[in-house]
Amino acid sequence: MTITDQEIKANLAKGASSLAMEDVRLGMTVVPANSLILRDGTVISFGPIADQNCSLITILPIMLGAAASSSDVQSLDMAEVVLVDGVNATFTVFNDSPTMAQRHAMTTLVETMGFREAIISAEAIKKNINESNDPALDGIWWDDNDIERAAFILIDGAIVSGGYDFWLNHSGLTVLRTMFDDSDSDFDTLCWAGNLVVVIPEDMDYRMYGPPTALQRYQIAYLDAWGYYGEKKHA
């Protein structure tokens, strides 16, 4: 099921009086900020907020209207948009065949503003964990509040874990490849692709692959309080 650009704009107009829409703006100019790019090139920006998911989730039901099955970010598939994360200078394509207007906008983001494509979103990773039958993910789960057993911290703050002995009982690379549905990339490449924080409890250590989001920093604060040492990886 898909929803047209015209339907999205009509829904936004209907919900214009909502507090959730206070900082939402429509235009035709690509901006280095949290925004959505529709098929026709229209840019829906969310304003200067700390974390794009917090605002996006509140406007999704308004934007998608009756077509919204949930406020899950993965619902953007039905809108076939490009999601721009101004905080981390990345974008995620929710359209298997981006339009010429969307491709032009992505080129502008990359060549003029220094953005890069986010290869896989936190929602896609969690969906892979939930739905995979691969034995590599046996005993692997994600949770929002299990920081003491964290192996990876996703960009939305979710914790991926396999228990206290994750690094002893599992191959980190095999787990990552299954989480990302990618059978070829190496460990560091996948971590960079997901902007992950890798946590190694045995060494009281965590490693940041990219600038942590606000929700990742929230989880990192617990690690810092427990005496963990943080290292920022360099490409």
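The following paragraphs describe the sheets, helices, salt bridges and surface of a predicted model. Local features were accepted only at pLDDT of at least 70 and side-chain atom pairs only at pLDDT 80 or more, whereas totals for chains, interfaces and linings use all residues. Residues are numbered from 1 along each chain as its sequence is written, and side-chain values use heavy atoms, with hydrogens and water left out.

Secondary structure was assigned from DSSP runs, with helices (H or I) of at least four residues and strands (E) of at least two, numbered from the N terminus. Two strands are taken as paired if DSSP finds at least two bridges between them. Strands of a sheet pair through backbone hydrogen bonds, either parallel or antiparallel.

One open sheet contains six strands in the order β1-β3-β2-β4-β5-β6, and its pairing is mixed. Its edges are occupied by β1 (25-27) and β6 (116-117); each has a single partner strand, so one side of each lacks a neighbour in the sheet. Within this sheet, β2 (residues 35-37) and β3 (residues 43-45) are antiparallel and are joined over three bridges, with Ser35 opposite Ser45 in β3. Helix α3 (residues 100-113) lies across β2, β4 (82-85) and β5 (90-93), and runs at about 160 degrees to β5. Angles of this kind run from 0 to 180 degrees between N-to-C directions, the axes being lines fitted to C-alpha atoms, for helices over the stretch in contact.

A further open sheet of six strands follows the order β7-β9-β8-β10-β11-β12, again with mixed pairing. Here β7 (141-143) and β12 (229-232) stand at the edges, and each has a single partner strand, so one side of each is without a neighbour in the sheet. From one strand to the next, the twist averages 25 degrees. Strands β8 and β9 pair in the antiparallel sense over three bridges, and they form a hairpin with five residues between them. In the turn of this hairpin, Gly157 has a positive phi of about 90 degrees. Strand β8 is also joined to β10 (residues 197-200) by two bridges, the two strands running antiparallel. Phe152 has Val160 as its bridge partner in β9 and stands opposite Val198 in β10. Towards the other edge, β11 (residues 205-208) and β12 pair in the parallel sense over four bridges, and Arg207 stands opposite Glu231 in β12.

Helix α6 (residues 172-180) contributes several buried residues, namely Gly172, Val175, Leu176, Thr178, Met179 and Phe180. Burial is defined as under 20% relative accessible area, exposure as over 50%, and partial exposure as the range in between (1.4 Å probe, protein chains only). The buried residues of α6 pack against α4 (122-131), β8 (150-153), β9 (159-161), α5 (166-169) and α7 (187-194), where contact denotes heavy atoms within 4.5 Å. Just after α6, Asp181 adopts a positive phi of about 55 degrees.

Seven salt bridges were found in a search of the whole structure, the criterion being a side-chain nitrogen of Lys or Arg within 4 Å of a carboxyl oxygen of Asp or Glu. In one of them, Asp5 pairs with Arg39, and the closest N and O atoms are 2.9 Å apart. This pair links distant parts of the chain, with Asp5 in helix α1 (residues 5-14) and Arg39 in the loop between β2 and β3, 34 residues apart. Both Asp5 and Arg39 are buried, and a network of salt bridges links Asp5, Arg39 and Glu80.

Arg207 takes part in two of the salt bridges described here. Its closest N and O atoms with Asp205 are 3.0 Å apart, and it meets the side chain of Glu231 at 4.0 Å, N to O. Because Arg207 lies in strand β11 and Glu231 in strand β12, the latter pair ties together parts that are 24 residues apart in sequence. Asp205 counts as buried because its relative accessibility is 8%. Arg207, at 25%, is partly exposed, as is Glu231 at 31%.

On the surface, Met204, Tyr218, Tyr222 and Trp226 form a nonpolar patch with about 420 Å² of accessible area together. Patches comprise residues with over 30% relative accessible area and no salt bridge, like charges being joined within 9 Å and nonpolar side chains (Val, Leu, Ile, Met, Phe, Trp, Tyr) within 5 Å. Accessible areas come from the Shrake-Rupley method with a 1.4 Å probe, and for residues only the protein chains shown count as cover. Tyr222 lies in helix α8 (residues 214-225) and, at 35% relative accessibility, counts as partly exposed.
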